[in-house]
Amino acid sequence: MLRLRFAAASRPKRGETASGDAFFFKEFDENALIVIADGLGHGEAAGIAAQKVLEFSERNFELGVELEAFVRRCHEFLRGTRGVVMGAALVDKEKEKLSYVGVGNITALIKTESRPYHLTSIGGIVGYNLRKLRRFEYPFESGSVLIMCTDGISRFTPSEYDFADLESAATKILEERGKDDDDATIVLVKCI
Ligand SMILES: [Mn+2]
């Protein structure tokens, strides 16, 4: 069975105290659920929507094994808020597979020894308008790193970073690629 390492780095937009981004990581049974969310806009109202994603995830992480249902129920829970864009990934550590459901502008990819897999998102806003969800499956093997970012992180080439120390990699990417004019969050999950 795969073993996972997790690291994240996050900070609000310059001049703001509250962040509109949130992330969640939970291992249960042979699975791990990873969630990242970016509340529409920034500041307090965006933060309320993002915090609701955390609250939902903490209560319902076991629903992660049905990832579309997890995101759809989260959508219902967020109604009346500003809404979020979000990515939800479920790692099956036994089958060495990663399932992904992404809605809106979240960057997600798997860095492997050979080629990166870019994880596909559909359009929409969780809590506001959601089309039919699509779940994509990818191999997730020893040495692979899942990278998930909100759009407060500028595009970067993963091969330019060293993921041996995951905490340092998350901190360095946030420092070097974080945009001043948005909340910024990066989440890393590595298979060892
Ligand atoms: Mn953003």
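This section describes helix H2 and a five-stranded sheet in a predicted model.

Helix H2 comprises the 12 residues 67-78. At 1.5 Å a residue, a span of 16 Å is expected for H2, and its end C-alpha atoms lie 16 Å apart, in agreement with that value. The buried residues of H2 are Leu67, Phe70, Val71, Cys74, His75 and Leu78. Viewed down the axis of H2, the buried residues occupy an arc of 140°, and they therefore line one face of the helix. An α-helix has 3.6 residues a turn, so residues three or four places apart point the same way. The cover over the buried residues of H2 includes helix H1 (44-60) and three strands, namely E4 (84-92), E5 (97-103) and E10 (129-130). After H2 comes Gly80, which has a positive phi, near 95°.

The sheet is open and consists of five strands in the order E1-E13-E12-E6-E7, paired in the antiparallel sense. Its edges are formed by strand E1 (4-11) and strand E7 (117-118); each has a single partner strand, so one side of each is left without a neighbour in the sheet. The partner of E1 is strand E13 (residues 184-191), to which E1 is joined by eight bridges in antiparallel pairing. Within this pair, Arg5 lies opposite Lys190 of E13. Helix H3 (residues 166-177) packs on the sheet, where it touches both E1 and E13. The direction of H3 makes about 25° with that of E1.

Strand E12 (residues 145-149) is mostly covered, with five of its five residues buried. In a regular strand the side chains alternate between the two faces of the sheet. In E12, Val145, Ile147 and Cys149 point one way, whereas Leu146 and Met148 point the other way, and all are buried. Strand E12 pairs with two strands of the sheet. With strand E6 (residues 107-111), E12 forms five bridges in the antiparallel sense, and Leu109 stands opposite Ile147 of E12. With E13, which runs antiparallel to E12, there are also five bridges. Here Val145 stands opposite Lys190 of E13. Lys190 thus has Val145 opposite it in this pair and Arg5 opposite it in the pairing of E13 with E1.

Conventions: Residues numbered from 1 in each chain as written. Predicted model: local features only at pLDDT ≥ 70, side-chain atom pairs only at ≥ 80, totals over all residues. Helix = DSSP H or I, 4+ residues; strand = E, 2+ residues; numbered from the N terminus. Expected span 1.5 Å × (residues − 1). Buried ≥ 20, exposed ≤ 12 C-beta atoms within 10 Å, placed from the backbone. Arc of directions from axis to C-beta. Contact = placed C-beta atoms within 7 Å. Pairing = 2+ DSSP bridges. Axes fitted to C-alpha atoms, helices over the stretch in contact; angles between N-to-C directions.
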